[in-house]
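Reader: I've just opened this one and don't know my way around yet. Can I ask you a few things about it?
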Amino acid sequence: MLKSRVTLQFRSDSGREYLYDDATGLIFAWSPARESVLAESLNGNAGAARVHLEADYGQDEVEASVAFVHRALEKYDAFVRAPGPAEPLKSPAPAEIAEYISNNCRQLVLNVTENCNLRCRYCVYSGSYLYHRRHTTRSMTRETAIQSIDWFVELVRPQITRNPRKMFGLSFYGGEPLLGFGVIKDVLSYVQGKYPGLFYSVITTNGTLLTPETAKTLVDHDAGIAVSLDGPPTEHDRRRVDPAGRGSYQRIIRNLNWLRREYPDYWRTKVYSSCVFDWHTDLKAVARFFAENESTIPFPIFVTPVGAANTNYYENAPGDARKRCQETIEELRQEYKAASINGETVNAYLNSSVGMAIMRILIRPRLYDHRPSFLPYTGTCVPGAKVSVGVDGVLDMCERTNGTYPIGNLAQGGINHARVAGLIGEYQEKVISRCGNCPVTRLCDLCFSSTEGDGGVGDPAPGCAAQRARAEQSLADYVSIVERNPTASFILKSDNVLLERRVLFFS
Amino acid sequence: MNFFRLVPDCYLVEGARDGVLYDVTGNRLFLLAEAAHQILKHCEDNRPLSALENPDRARDFLRRLQRLGLGCFDSAPAYVDRLLLSAPVKGRLFERPCYRKVDWSIDNECDLNCYFCPRAKAGLSWQACQGCVRRPDNPESVAHPLNPEQTVDDIADLGTSVLHLRGGNPLLHWERLKSIMTAARRRNLLLVITTPGTGQDPERVVDLCSNSHVRLNVVVFGAGESSAKAACGRAGIYEWQTRLVHALKTKELPFFVTVLVCGATAYTKPEILNQARERWGIEPSFAQIYTAEEVDAASRSTYVGSAGKPLSGWHSPPGFYARVQWNTCLYGTFEISPQGLIHPCAGLDAVCGRTQESGLRAALATDSLYGWWQRNKETVDGCNRCALRLACTDCAAAEQAAVGRPELKSSYCPYNPDGEKRAYEHAWHHAGFAEFGVLSMVEEECLCQK
């Protein structure tokens, strides 16, 4: 069977060579001698080349390298992966898709409204994005919302049957979901009465419409809040504005202040910030803002850049804006590394921006983390593993996709498995077919959302190059930290996953 | 080549004083003599060999380790990425428990009157789940729930493949047993029935076992009539059980035998093994129970008569990593008592749920049970200072710590990790490993055994 070598060499800051092996997910300390031994072994030439290698590297080093490389080959099946690029992928049958979704679907997103009381300049619904809708006044009815819940529970019934502890994510999204608070309140009450303990709820909100009533409802139902807050007033109000162009910072802070006073425990455990930056953001000032106000501003759990694909958002940006932004990110990356190496407290904003990429190396998928056979590479979800319900009951695979390639409709019985199979076939053809030789498939973030075009999958090529570069950088950063500080503590702040202690067990 | 590091799947695990090398993919275990331990610790700290007092001697030792495939020389310090089989994160809210086996004590009634039963009289018990010792909570038959078919369905829905029925003596409730058997067969569950084999005619029991979904686990007392009589106070039990075993063998039906060793058992383990092999042609399992009065006999231990404290190989890397995370005995299982209470296992009295109030599924939805699954050796005082803690799956220490009597651990394990005598000076029973040995700086002192 044709096999491809799937490894990526990189260096730590100390200059030490390493080899990331995508076949196992392991990182090996590397050297020219180990590389030569591996190359000769894969060529089936190890025995004959030994004398020549010993002349180059010395007997001891070759002996050690042979021991190292052969153990990795024999015990872990490292360095190469089958099938090679010529192996055709099989498209899943609709029945296989149906079974997969029922057994793996984990989250329901309710888009309760397409309206918003703000007009943030970078919003995907602002009109600056090629394939996304604009704001409308459409909202989800109570009936559609309740129907979504009941349909979802039946969809995931096999998981509920198997696992008495199973919980599912229930997210309220928009537009600004608090504009549809009546529906949210009804859904939370309905779920509490009919499906107690089955859902973990969270709402993504701009925070301007939080009132004592809305807050009490969310607290009573233990629903988490992710408030969009980009940083200090100068930064936040530059883009997060109402239709009249007025900033929203003061309103949000006022609401967060009383929320903190009224519900201190809830504040500490259930309220987070979600932050966005663009090329013009003073990232150092934002990082300082979150550090200096950590007792009054929610922990920034998500920090994401405004993307440059399929948008005219940056068309008036100065020519060097992107470069300057990247230079600042580079400085913050070095700052994060230095703090981690020295065992200092890492700034929360740095942790969630530059730190998360490094953290992802630590929590990367390993040998036994198998993906479904029909989507073996990249980080994409299987369409239907999460379901986003639009205001009209149309189903999308994610709240972040552009809405031009839905996967079903509540009114037509839910997920259209043939349609999902078709989308997977399209993704296989345009994206996965390029992955056979890729050395970073376990570290890859590409998904339907990040490769989408109009009506389905677009061109992944630019994303591929960026994924590889990012993986190489993150690997080097991670190893540079743990080389100097093997017990460096990485903060994984998340509402739904936990770092296991076994990763630290042998450190 | 001034540095040496262990390969990614070999771990130096340290205790209070000792160090042990674990080869995860090779299922090999090496106890380290003191100097060997110190050198490896030095290497794993990424320090150069030239900083050692006698680097040439260390190189000789490390060369042997390289030949054994345990580590490699390197020319520079390096970060070694340890082998993990899966990403070290878990869902906070979406974690899926994996149920391996469910024990269900369907009654608390027995036709024997053993002097150590019910378990309230016990000072020490070991592998109680394999024996037939009754729960202390209710000596009478309660037989909850009233609808056993629904309970079988609930258990099957959890994804488990084995349902283990215990008692008392489940054979005393014949009709109930048969309805459970029918439901289990419908749900494709393997039904294991632990019983002394009394209370029903052997031919009738053999007929029950001719169903391919049923396995009998016959609990016997020692290796002959005298110890059986001493244990349960009745003559003829051993002969009755022998009749049952012979009938099962004649019909070529699969079954198990568990020898319940107690203070009155007048045989050593090898004697019992030999008798079981000669008379029945089988390899029995062992469980033990001693009354509070018998505990004083310090020689009582799980490995009485064998070469040393049993260690346990992991057979596959996932088995090793399971030990790092879980209590290998309690993980994936629970017991339903005759009263419908959920316990971590048949040997523990902690209540983790009440099925009679809300049903099995609701009882399992709380966190109570799952905390027990995580009580591995790291959580047991003494064991957490033992370098062999990942090579030992003895459930007794964790159980005794759980009930507040950690001092009883010494009845089962003579090794004191804080004591003067080192691990490599003790005798260990290590049949489960592909290779086991002591590694010393002096090659002639290294004892490796397949």
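Reader: Let's start with one residue. Is Asp349(B) buried, partly exposed or exposed?
Author: This is a predicted model, to begin with. In it, Asp349(B) is partly exposed, with a relative accessible area of 42%.

Reader: Which residue forms a salt bridge with Asp349(B)?
Author: Arg135(B) does, and the closest N and O atoms are 3.0 Å apart. The two are 214 residues apart: Arg135(B) sits in the loop between strand 8 and helix 3 of chain B, and Asp349(B) in the loop between strand 16 (341-343) and strand 17 (353-354).

Reader: What else forms a salt bridge with Arg135(B)?
Author: Glu335(B), at 2.8 Å between the closest N and O atoms. This pair also links distant parts of the chain, with Glu335(B) in strand 15 (residues 333-336) of chain B, 200 residues from Arg135(B).

Reader: Are Arg135(B) and Glu335(B) buried or exposed?
Author: Arg135(B) is buried at 2% relative accessible area. Glu335(B) is buried too, at 0%. Both count as buried because the cut-off is under 20%.

Reader: How many salt bridges are there over all chains?
Author: The structure holds 60. One of them joins Arg63(B) and Asp60(B), at 3.1 Å from N to O. Those two lie 3 residues apart in helix 2 (residues 55-67) of chain B, about one turn of the helix. Arg63(B) is partly exposed at 28%, and Asp60(B) is partly exposed at 45%.

Reader: Which residues of chain A are linked in a network of salt bridges?
Author: Asp13(A), Glu330(A), Arg333(A), Lys337(A) and Asp477(A).

Reader: Changing topic. How many disulfides does a search of the whole structure find?
Author: It finds 0 over all chains. Take Cys209(B): the nearest cysteine sulfur, that of Cys132(B), is 16 Å away. A disulfide needs the two sulfur atoms within 2.5 Å, so Cys209(B) is in none.

Reader: And pockets? What is the volume of the second largest one?
Author: About 1300 Å³. The pocket is lined by 40 residues, and Trp126(B), Gln127(B), Gln130(B), Ser285(B) and Thr393(B) lie nearest its centre. The lining divides into 16 nonpolar, 18 polar and 6 charged residues.

Reader: Last one, the sheet of 10 strands in chain A. What is the strand order?
Author: The order is 11-10-9-8-7-6-12-13-14-15, in an open sheet with mixed pairing. Strand 11 (299-305) and strand 15 (414-415) stand at the edges with a single partner strand each, so one side of each has no neighbour in the sheet. Strands 8 and 9 of chain A run parallel and are joined by 4 bridges.

Key
Residues are numbered from 1 along each chain as its sequence is written. Chains are lettered from A and ligands numbered from 1 in the order in which they are written. This is a predicted model: local features need pLDDT of at least 70, side-chain atom pairs count only at pLDDT 80 or more; totals for chains, interfaces and linings use all residues. Side-chain values use heavy atoms; hydrogens and water are left out. On a 1 Å grid over the protein atoms alone, a cavity is a set of points where a 1.4 Å probe fits but cannot get out, and a pocket is an open set with protein on both sides within 12 Å along at least five of seven lines; lining residues have an atom within 4 Å of a point. Grid points are joined across faces, edges and corners, and a volume is the space filled by probe spheres set on the points. Ala, Val, Leu, Ile, Met, Phe, Trp, Tyr, Cys and Pro count as nonpolar, Asp, Glu, Lys and Arg as charged, and the others, Gly among them, as polar. Two strands pair if DSSP finds at least two bridges between them. A salt bridge is a side-chain nitrogen of Lys or Arg within 4 Å of a carboxyl oxygen of Asp or Glu. Buried means under 20% relative accessible area, exposed over 50%, partly exposed in between (1.4 Å probe, protein chains only).
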